Amino acid sequence: MDIGIIGSGAAGLTAAVYARRAGLDAAVFERGIYGGQIAITNEVENYPAVERITGAELAMQLYQQAKALGAEIVQTEITSIEKKASGFLLTCGSGSYEAKTVIFAGGAKRRALGCPGEEEFSGRGVSYCATCDGAFFKGKPVAVIGGGNTALEDALYLSKLCDAVHVIHRRDTFRGEKRLLDSVVSRPNVMLRTNRVVREIIGNDQVTGLFLRKTEEAGEEFLPISGVFVAIGYEPDNGILSGLAATDAAGYILAGEDCLTSCPGLFAAGDCRAKPLRQIVTAAADGAVAAFQAGQYLTQLPTSF
Ligand SMILES: Cc1cc2nc3c(=O)[nH]c(=O)nc-3n(C[C@H](O)[C@H](O)[C@H](O)COP(=O)(O)OP(=O)(O)OC[C@H]3O[C@@H](n4cnc5c(N)ncnc54)[C@H](O)[C@@H]3O)c2cc1C
């Protein structure tokens, strides 16, 4: 095949759409849910020209579009990627596939708190993306968990929408930049609750509150809130590319605006690559660019390939 695409999120499926429209032979490999993170998103309100859509519906539309254009979509996990003289060998449980180029669109793993109630209320008050879900908590009290830049940026963003924003941090000093912390402290509706960790998230249909455990003294407190934004970071899941493509210190794949990695013929698209904003629109844009660049790369290969 011309392009082997690993991952069927916004990046992978958009790459398939662009590849097929360019007349390229493309297959998408997916180990989990078609649509990736979109499929686990309650509602999306910030995809251009789409006022509001459920994640499941958007994922289905992307999937159907790629299928209708003739992309092969294979339900399997790619367990290794090997560079060969003629391209790449992709191995999965049932065998292997040869591809002249590869677009890795494997996304990123969110870091979870791991406390009781977190999984149960995910999408029902527990969110991992303030930019995405903040608007659903307009005028309500919320908590942001974390002490780095993401948590501080989330707190600032939410302070413009929500009644009260409680920032819960396990230490008494913040890892985030001072400039950000100063802005957060200046907001009258943001409360810093340091030396506290979340013991449990509770609710009925939706989240109603948090039990916090103090880290420096004995004791617990209950915080009534409607939303919990977990901002303890995302982590890359790019182990499969180890030794093949360069990454940054955090493990995200280094690729330029052309989505080309340090390995010729191997492109990275979406949340898996080092970038400032991880959203559906940026993942889709990467998918389009990666497919276009993979097409350009193919035209430069000797015809015997
Ligand atoms: C709860 C939540 C809500 C969000 N809300 C919004 C929102 O409202 N608006 C917005 O713009 N963004 C939102 N985001 C962020 C957005 O969804 C992501 O930035 C975007 O979808 C990432 O797309 P992606 O294709 O890069 O990766 P992903 O969607 O993570 O897809 C990667 C896919 O690759 C598959 N995969 C990985 N490795 C392999 C392998 N070895 N073999 C086979 N398959 C593999 C995974 O199973 C996964 O399906 C939200 C994210 C979350 C978690």
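Here are some notes on the structure above, taken point by point from the overall fold down to single residues.

1. A word on the source before anything else: this is a predicted model. Everything below should be read as a description of that prediction.

2. On the overall make-up, the protein has six helices and 20 strands. Its radius of gyration is 21 Å, close to the 19 Å that the globule rule gives for 305 residues, so the protein is as compact as a globular protein of that length. Taken along the principal axes, the C-alpha atoms fill a box of roughly 70 × 35 × 35 Å.

3. Some totals help to set the scene. Buried residues make up 49% of the 305 in the protein. Among contacts with a separation of 6 or more, 57% are between residues 24 or more positions apart. The accessible surface is about 14,300 Å², and carbon and sulfur atoms account for 50% of that surface. As for charge, there are 29 positive and 34 negative charges, and their mean positions lie 3 Å apart.

4. Strand β9 is a good place to start looking at the strands. Which residues of β9 are buried on each side? T101 and I103 are buried on one side, and V102 and F104 on the other, so to speak a strand with both faces covered. β9 covers residues 101–104.

5. β9 also has two pairings to follow. Strand β1 (residues 3–6) runs parallel to β9 and is joined to it by four bridges; within this pairing, I3 has T101 as its bridge partner. Strand β20 (residues 266–268) likewise pairs with β9 in the parallel sense, over three bridges. Here V102 of β9 is partnered by L266 of β20.

6. Next comes the run of strands β6, β7 and β8. β7 (residues 87–92) is mostly covered, with five of its six residues buried. β6 (residues 78–84) runs antiparallel to β7, with six bridges between them, and K83 stands opposite F88. The two strands form a hairpin with two residues between them.

7. On the other side of the sequence from β6, β7 continues into β8 (residues 95–99) through a hairpin of two residues. This pairing is antiparallel and has five bridges. C92 finds its bridge partner in G95 of β8.

8. Helix α4 (residues 149–159) deserves a look for its buried residues, which are A151, L152, D154, A155, L156, L158 and S159. What covers them? The cover includes the helices α3 (130–133) and α5 (178–186), together with the strands β12 (141–145), β13 (164–168), β14 (190–193) and β18 (227–230).

9. Just ahead of that helix, G148 sits in the loop between β12 and α4. G148 counts as buried, at 7% relative accessibility. Leaving out residues up to four places away in sequence, G148 touches R175 and G176. The C-alpha atoms of G148 and A231 are 8.0 Å apart, although 83 residues separate the two in sequence.

10. Two residues other than glycine have a positive phi and are worth a check by eye. Phi of A49 is near 75 degrees, and A49 belongs to the loop between β3 (43–44) and β4 (53–54). Is A49 buried or exposed? A49 is exposed, with a relative accessible area of 87%.

11. The other one is C259, with a phi of about 65 degrees. C259 also lies in a loop, in this case between β19 (234–236) and β20. At 1% relative accessibility, C259 counts as buried.

12. C259 comes up again in the surroundings of D286, a residue of helix α6 (residues 280–299). D286 has 7% relative accessibility and therefore counts as buried, the cut-off being under 20%. Which residues is D286 in contact with, leaving aside neighbours within four places in sequence? They are C259, A269, G270, R273 and K275.

Terms used: Residues are numbered from 1 along each chain as its sequence is written. This is a predicted model: local features need pLDDT of at least 70, side-chain atom pairs count only at pLDDT 80 or more; totals for chains, interfaces and linings use all residues. Side-chain values use heavy atoms; hydrogens and water are left out. The radius of gyration is taken over C-alpha atoms; the globule rule is 2.2 Å times the number of residues to the power 0.38. Buried means under 20% relative accessible area, exposed over 50%, partly exposed in between (1.4 Å probe, protein chains only). Contact means heavy atoms within 4.5 Å. Accessible areas come from the Shrake-Rupley method with a 1.4 Å probe; for residues, only the protein chains shown count as cover. Lys and Arg count as positive and Asp and Glu as negative; His and the chain ends are not counted. The place of a charge is taken as NZ of Lys, CZ of Arg, CG of Asp or CD of Glu. Two strands pair if DSSP finds at least two bridges between them.
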